[in-house]
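Me: I'd like a close look at one part of this model, please. Could you walk me through a single helix and its surroundings?
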Amino acid sequence: MIYLITGGERSGKSSYAQNLALQLSNTPIYVATARKWDDDFQNRIDQHQQERDERWTNIEKEKHLSEIDFSGKTALIDCVTLWLTNFFVDTKNDVAQSLEEAKKEFLSIENQQNINLIIVTNEIGMGVHAQTHIGRKFTELQGWMNQFLASHADEVILMVSGIPVKIKG
């Protein structure tokens with residue numbers, strides 16, 4: 001099964017996804033896609049790691065999720081927005097190339113056997129209109145990737161103020 005958990009910032013996506021992962025497995029994998037940009041971001045990463053107990057296996061993977069063996073496992077990928085940021089920065093803001101590379105990585109893991117994949121993403125296009133050209137390009141990239149992931153997901157949940165709303169499945 002593939003679950004896509006989407007919503008705005010601080011809508012409860014990660015908490016919902018973690019609870020779902022623990023319902024599906026006693027030993028889920030947590031895949032953190034964040035790149036450590038600065039000390040503040042490292043503190044945020046450390047705080048998130050402390051929220052997960054010994055049941056979790058933590059894997060940090062900035063881009064190449066295909067290098068992880070998900071077969072027979074439940075995995076939570078958190079989050080698509082940070083994952084796409086890594087492609088976007090590395091391609092010098094090339095939306096088409098970033099989208100192509102991210103889709104390729106997803107398709108390579110989607111075909112692994114007997115997996116539960118829980119994917120957290122953001123609906124950044126529902127918020128404030130980006131002020132910069134690069135911000136608008138990234139919003140487009142995020143929207144296109146969200147549509148792609150939703151089309152492959154068995155279930156899509158939109159988180160609104162901490163409340164899960166099933167929109168597919």
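Me: At the start of α4, which backbone nitrogen does a side-chain oxygen of Asp-94 reach?

Reply: Happy to help! This is a predicted model, in which local features need pLDDT of at least 70 and side-chain atom pairs count only at pLDDT 80 or more, while totals for chains, interfaces and linings use all residues. Residues are numbered from 1 along each chain as its sequence is written, and side-chain values use heavy atoms, leaving out hydrogens and water.

The nitrogen belongs to Ala-96: a side-chain oxygen of Asp-94 comes to within 3.1 Å of it at the start of α4. Helices here are DSSP runs of H or I with at least four residues, strands are runs of E with at least two, and both are numbered from the N terminus.

From there, α4 takes in residues 95-110, 16 residues in total. Its first and last C-alpha atoms are 22 Å apart, close to the 22 Å expected at 1.5 Å a residue (1.5 Å times one less than the number of residues).

Now for its two sides. Val-95, Ser-98, Leu-99, Ala-102, Glu-105, Phe-106 and Ile-109 are buried (under 20% relative accessible area; exposed is over 50%, partly exposed in between, with a 1.4 Å probe and protein chains only). These residues lie on the same side of α4 because they cover an arc of only 130° around the axis, taken from the directions from the helix axis to the C-beta atoms. An α-helix has 3.6 residues a turn, so residues three or four places apart point the same way. On the other side, Ala-96, Glu-100 and Lys-104 are exposed.

What covers the buried residues includes β1, β4, α3 (80-90), β5 and α5 (133-152), where contact means heavy atoms within 4.5 Å.

Conventions
A polar contact is a pair of N or O atoms within 3.5 Å; within protein, one must be able to donate a hydrogen and the other to accept it, and residues adjacent in sequence count only if both atoms are side-chain atoms.
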